[in-house]
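Visitor: I'd like someone to walk me through this one and justify the wording along the way.
Guide: Sure, have a look first and then ask away.

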Amino acid sequence: MNKEINKKAAEIFQRIKKQKPLVHQITNFVVMNDTANITLHIGALPVMAHAKEEVEEMTAMAGALVLNIGTLQADWVESMKLAGRKANSLGIPIILDPVGAGATSYRTKTSLELLQNLQISVLRGNSGEIGVLGGVRGEVKGVESIGDIKNPESVACELAKKYGCTVVISGKRDIIADLNNIYYVDNGHELLTTLTGTGCMATSIIGAFCAVEKDYSLAAASGLAVYGLAAELAAKKAKGPGSFKVAFFDAVYNLTTEEIIRGVRIVKAK
Amino acid sequence: MNKEINKKAAEIFQRIKKQKPLVHQITNFVVMNDTANITLHIGALPVMAHAKEEVEEMTAMAGALVLNIGTLQADWVESMKLAGRKANSLGIPIILDPVGAGATSYRTKTSLELLQNLQISVLRGNSGEIGVLGGVRGEVKGVESIGDIKNPESVACELAKKYGCTVVISGKRDIIADLNNIYYVDNGHELLTTLTGTGCMATSIIGAFCAVEKDYSLAAASGLAVYGLAAELAAKKAKGPGSFKVAFFDAVYNLTTEEIIRGVRIVKAK
Amino acid sequence: MNKEINKKAAEIFQRIKKQKPLVHQITNFVVMNDTANITLHIGALPVMAHAKEEVEEMTAMAGALVLNIGTLQADWVESMKLAGRKANSLGIPIILDPVGAGATSYRTKTSLELLQNLQISVLRGNSGEIGVLGGVRGEVKGVESIGDIKNPESVACELAKKYGCTVVISGKRDIIADLNNIYYVDNGHELLTTLTGTGCMATSIIGAFCAVEKDYSLAAASGLAVYGLAAELAAKKAKGPGSFKVAFFDAVYNLTTEEIIRGVRIVKAK
């Protein structure tokens, strides 16, 4: 256990509670309620707004912007670009979740466009999605990653270099890479895979952490560890995915600094 | 305890169960599932429909129309106006929730447009939103009200006069004002603030109450008191926002006339 | 108890767990989270995608396509047709849920258009909706069926003949009819009527069953029986609609082959 890094994670977590940053999310219809709730439970303020008439103004008030293409359509993608450019001009971090990249060419193309046209701070996906965006063959069935890609660290590092961002590959062991650092996060629980939107919720949590911590790879690793720790605590009370979800929301809300210092499992590999 | 008013609240509640009014809701993507469920649990029938091809026909069947701009976009606003004009022509009450008014100029402008072009029966918001619409400086961060406005009663009364409607400011003590009456509602629980959409759900409940009671300020006060009472009962079983939400839905569904007569705390101040 | 048919139902259920078919759903905003979750819990993979740029490609990967008009709008209906034609060209079953048909002419017209332009495999609705589509007077209030239609079997059989599909009328006793078969399903629980989206979730479950079983009326009957059985098991732990929903998701996830063989109540009447 790296006590130093655990303390940092707990400290960022405390900063969210104190600053209550606004996290502007242009996201998908399936998970909006869940991502709004988890953002609130961690201590930040969520806002969902996608109309071209207001996204720039909303983003300008936010500590972070989350873009998630889970149920993308053309006008929403335009709003993502509008909001994204505003975020870039103000130095507000953007977290991109390329849901289902690889499943359809529209999703792959849109993800790449957003990566190329905006300065993304954190790109978070499963191994299939990130593999596709990294040009190796990830297999994506709908929005699920099927099978693992080879050398995920190299893929993450190459993408991080190409786009100057932090790249997160979620999985049993999360990989977080930027130009200079690699972290692994070993928190989490299998029950997360039985619910829809758990990837999207992780992305929202990363948004909350990046809103208060400019070292984005550290913020992403801390957010994922805290998220996974809450899942571990919740799993003890779960009898299936329904009761797990309830316990998970309770756990995120009730997490203490002490539990985080004791429970997060972040490995700094580089 | 004002036993007379509590009995009235319970009586309106019973009328919902008996008449099962349809509550047509043009609302936001984040809360649709929750507002549909709470409308069902209180005893009314929810329907969500926003296409310009059908909103007038749907509204014509409804006992109340709920308009909520939480994730507004231009064509939905047009449908709100279409549905609203139909509701006005048939004397069906409209309940407006100006979610995030003040956060962006688009939300403020749209809320004012709806207030000016339609005869709204009940306007319900938090103090930031209502403050902005009343021309005093409410502070809104995303969709959350930050800090309280001064003299909320005066703001509510002035808006009520200006638009000929009932104005509700939700808060620890809810304020309900129309031209001739002021009510306070002291029911509620802090856990409501840990969940997304609890303001929107309160608005839907007011919709159900207004569908069966033409004294809209009394209906709004009764609805809010019943809603807050359910939250109080649920809080006893909650270990956090996840389990609170579950218990809250159970409580709304299981509420009895007796509990309402005993438990609602409505003060008629004028 | 027809042990043979129960074994078949259990066998189809096992096939879902093994094959994990993708179920592409173009559905409504109210229920997306719930239908995605229940699809996952039964063992299939849900994907929601509605953009004209990608629906054909997504459908082509799927084992079944679910079309649900609960919050329809013109461009989504166009995407349903695009996806539907692709499904037809590839022999992928389409399950249609005509939510609120009869409530507005737009919903009735759209349902009939989809039935006429696409080869639907399973049409599932409540008695009001199916009655309207069958040309007898079903009464629909919003999205709820009010009162029962006369001779529902004849209506189902006539529609099945007219459109060459399986027709399901959900109710206390579900009716499943195609050209040659009639099944009844007696599983279910009254608490299902206290939640929004339980019809939509049943449709998604039928989608998962049809993705792995080409005898669509058997698949629909099996899916409904399994769905209703999970509701029965969940009801034992429920204190209201909130806790019922949680227990229901747990129950769907935890169902075993043995419970299904013992618990489903399917009657083959023809």
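**Strands, helices and copies**

Guide: Let's start with strand 9 (residues 174–177) of chain A and strand 10 (residues 182–185) of chain A, which run antiparallel and are joined by 4 bridges. Mind that this is a predicted model, where local features need pLDDT of at least 70, side-chain atom pairs count only at pLDDT 80 or more, and totals for chains, interfaces and linings use all residues. Residues are numbered from 1 along each chain as its sequence is written, while chains are lettered from A and ligands numbered from 1 in the order in which they are written.

Visitor: What makes strand 9 and strand 10 of chain A a pair?
Guide: Strands pair if DSSP finds at least two bridges between them. These have 4 bridges, so they are paired. As an example, A177(A) has I182(A) as its bridge partner in strand 10 of chain A.

Visitor: Why are strand 2 and strand 11 of chain A said to stand at the edges?
Guide: The open sheet has 9 strands in the order 2-1-3-4-5-8-9-10-11 (chain A), with mixed pairing. Strand 2 (45–48) and strand 11 (266–268) of chain A each have a single partner strand, so one side of each lacks a neighbour in the sheet. From one strand to the next, the twist averages 20°.

Visitor: Why is helix 1 of chain C called roughly perpendicular to helix 9 of chain C?
Guide: Their axes, lines fitted to C-alpha atoms over the stretch in contact, cross at roughly 85° and come within 9 Å. Roughly perpendicular means 65 to 115 degrees, so helix 1 of chain C earns that label against helix 9 of chain C.

Visitor: Which residues of helix 1 of chain C meet helix 9 of chain C?
Guide: K8(C), A9(C), I12(C) and F13(C) meet L218(C), A219(C), S222(C), A225(C) and V226(C). The residues of this contact split into 7 nonpolar, 1 polar and 1 charged. Nonpolar covers Ala, Val, Leu, Ile, Met, Phe, Trp, Tyr, Cys and Pro; charged covers Asp, Glu, Lys and Arg; the others, Gly among them, are polar.

Visitor: How do you know that chain B and chain C are related by a three-fold axis?
Guide: A 120° rotation with 0.0 Å of shift along its axis superposes chain B on chain C, RMSD 0.0 Å. That is the relation of a three-fold axis. The fit is by least squares on C-alpha atoms of residues with pLDDT of at least 70 in both copies.

Notes. Axes are lines fitted to C-alpha atoms, for helices over the stretch in contact, and angles run from 0 to 180 degrees between N-to-C directions. Helices (H or I, at least four residues) and strands (E, at least two) are DSSP runs, numbered from the N terminus. Angles under 35 degrees count as roughly parallel, over 145 as roughly antiparallel, 65 to 115 as roughly perpendicular and the rest as oblique. Two residues are in contact if their C-beta atoms, placed from the backbone, lie within 7 Å.
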